[in-house]
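Got the viewer open? Let's walk through this protein one selection at a time, starting with a single residue and zooming out later.

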Amino acid sequence: MRIAMVSEHASPLATLGGVDAGGQNVHVAALATALAGRGHLVDVYTRRDGWELPPRVRMTDGVDVLHVPAGPPRPLPKDDLPAFMPDFGRWLARAWQTGPRPDVVHSHFWMSGLAAIQAAGVVGLPVVHTFHALGSVKRRHQGDQDTSPPDRIDLERSLVADVDLVVSTCRDEVDELARMGADVEHTRVVPCGVDLDLFTPKGPAWKAGSRRRRLVSVGRLVERKGVEVAVEALASLPDAELIVAGGPAAEELGYDPEARRLSARAEELGVAERLRLVGRVEHRDVPALLRSADVVVATPWYEPFGIVPVEAMACGRPVVGSAVGGLLDTVDDGVTGFLVPPRDSAALVAAVCRLLDDRRMRARFGRAARLRAVSRFGWSRVARDTESAYLEAISSRQMPAARKAV
């Protein structure tokens, strides 16, 4: 198949240069690569956000990244991009009319979906869509701080009806779509994947700086990631330290609002000497950090999927995470880790203590975590299941024509 992936704000190239990109960048890059490994040709379309970017870049064998001229060629806040999606869609339509015609379009995030539907409608192509995050969940948890356009939720609801198939990354998203009133009959669940060759139990690990037990948290430094809950837990875990990776480079943490807020909270609780904010860690170095953990904690308020728990599981480490979003699918409660209510530091302390106090349990959970990661979340399986979704979408387009011929 020739596959067109549309990822308007999250370029897969951002994951290759040490940029602190989000999960969508990683997902698109790895999925495109895995699909190419299955013999498909993949073109990834992302917005041109720099004058220096060439029109087309070969990312790897079978995968090209095309920079679409839509809006000014410079980085823009994500919430400013909807205004440029009509231009993005018109450019895609011309490209697919005059160049190689894809067999299927896979759009990532709601704005990409708008552009993909516009272009695919002109050319007559099936569209598969992955939301990666839903506006209704963001609004519920962020309230007045939600900066998304006011019509985002309505547009997401219409996307479910307009695309041929929705590929959700977890069951919780399907339930949320149903609560929005969307018809979820044409929805399939395919999780995000993990690089099982990079994230392994064996390999180098960060050295211990002390004899304390080590908790590790990895992710963007934003309030909704719930790192403050882990900081508060330190007050009841006197023999533990917490390493927090994410955000800007270490030398820039002093300018980061969330880093300053977490540091101030640690000072207030008297645990500042046991909190280490290390800043951005390159993706290739994350496994060594995770391997050094006694327990990996992931305590977001909400989480569309959450790749760090899966990466930790692939490294054979137990996870204590919030019982939200994708973590409900990834962490097998009582087998590979524990799930606790979000924003509940007491519940987090209780779960972490069970693991820190029982070395055999930690080892058992770690082995089970690796097996679960290998069996469910390897990119080869994710690519195969995504390929099946593409074939289903293509078949659904061809079926009416076949009935008419009969």
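This is a predicted model, and our first stop is Arg101. It counts as partly exposed because its relative accessibility is 45%, between the 20% limit for buried and the 50% limit for exposed.

**Stop 1: around Arg101**

Where does Arg101 sit? Look in the loop that runs between α2 (85-98) and β5 (104-108). Now show what touches Arg101, skipping its neighbours within four places in sequence: you should get Arg2, Trp96, Val123, Gly124 and Leu125. Zoom in on Gly124, because there's a nice detail to see there: its backbone oxygen lies 3.1 Å from a polar atom of the Arg101 side chain, and that counts as a polar contact since the cut-off is 3.5 Å.

Before you leave, try the distance tool on Arg101 and His186. They're 85 residues apart in sequence, and their C-alpha atoms are 24 Å apart in space.

**Stop 2: a strand residue, Leu66**

Next, select Leu66, which is part of strand β4 (residues 63-68). Is Leu66 buried or exposed? Leu66 is buried, because a relative accessible area of 7% falls under the 20% limit. Its contacts, again leaving out neighbours within four places in sequence, are Asp43, Val44, Tyr45, Thr46, Pro55, Arg56 and Trp91. Colour those in and you can see what surrounds Leu66.

Then pick Cys315 as well. Leu66 and Cys315 are 249 residues apart along the chain, with 34 Å between their C-alpha atoms.

**Stop 3: His132 and helix α4**

Go to the loop between β6 (127-130) and α4, where you'll find His132. What's the phi of His132? It's near 70°, a positive value in a residue that isn't glycine. That's worth a pause, because most residues other than glycine have a negative phi. His132 is also buried, with a relative accessible area of 12%.

Carry on into helix α4 itself (residues 135-142) and highlight Gly135, Ser136, Val137 and Lys138, which are buried. What covers them? Turn on α5 (152-162) and α6 (171-179), which are among the elements doing the covering. Past the end of α4, click on Gly143: here phi is positive too, near 55°.

**Stop 4: helix α10**

Now jump to α10 (residues 307-314). How many of the 8 residues in α10 are buried? The count is 7, so this helix is mostly covered. Select them by name: Val308, Pro309, Val310, Glu311, Ala312, Met313 and Ala314.

To see the cover, switch on a few pieces one after another. It includes the strands β9 (213-218), β12 (295-298) and β13 (319-322), along with the helices α9 (286-291), α11 (327-330) and α13. After α10 comes Gly316, with a positive phi near 75°.

**Stop 5: Arg372 in helix α13**

You've just switched on α13, so stay there. This helix covers residues 359-376, and Arg372 is one of them. Arg372 is buried, with a relative accessible area of 14%. Ignoring residues up to four places away in sequence, Arg372 touches Met313, Asp329, Thr330, Asp332, Thr336 and Phe377. You've met Met313 already: it's one of the buried residues of α10.

**Stop 6: Arg343**

One more residue: select Arg343, in the loop between β14 (337-340) and α12 (345-356). Like His132, it isn't glycine and yet has a positive phi; for Arg343 the value is near 60°. Arg343 counts as partly exposed, at 48% relative accessibility.

**Zooming out**

Finally, reset the view and look at the whole protein. In cartoon mode you can follow 14 helices and 14 strands. The C-alpha atoms fill a box of roughly 70 × 45 × 40 Å along the principal axes. With 406 residues, a compact globule would have a radius of gyration near 22 Å, and the protein's 22 Å agrees with that.

How much of the protein is buried? Buried residues make up 53% of the 406. Among contacts with a separation of 6 or more, 68% are between residues 24 or more positions apart.

Switch to a surface view to finish. About 17700 Å² is exposed, with carbon and sulfur atoms supplying 51% of it. Colour by charge and you'll find 52 positive and 52 negative side chains, the centres of the two sets lying 5 Å apart.

Conventions
Residues numbered from 1 in each chain as written. Predicted model: local features only at pLDDT ≥ 70, side-chain atom pairs only at ≥ 80, totals over all residues. Heavy atoms only, no water. Helix = DSSP H or I, 4+ residues; strand = E, 2+ residues; numbered from the N terminus. Rg over C-alpha atoms; globule rule 2.2 N^0.38 Å. Buried < 20%, exposed > 50% of the residue type's maximum accessible area, 1.4 Å probe, protein only. Contact = heavy atoms within 4.5 Å. Areas by Shrake-Rupley, 256 points an atom, 1.4 Å probe, with all protein chains shown as cover. Lys, Arg positive; Asp, Glu negative; His and termini not counted. Charge placed at Lys NZ, Arg CZ, Asp CG, Glu CD. Polar contact = N/O pair within 3.5 Å; in protein donor to acceptor, adjacent residues only side chain to side chain.
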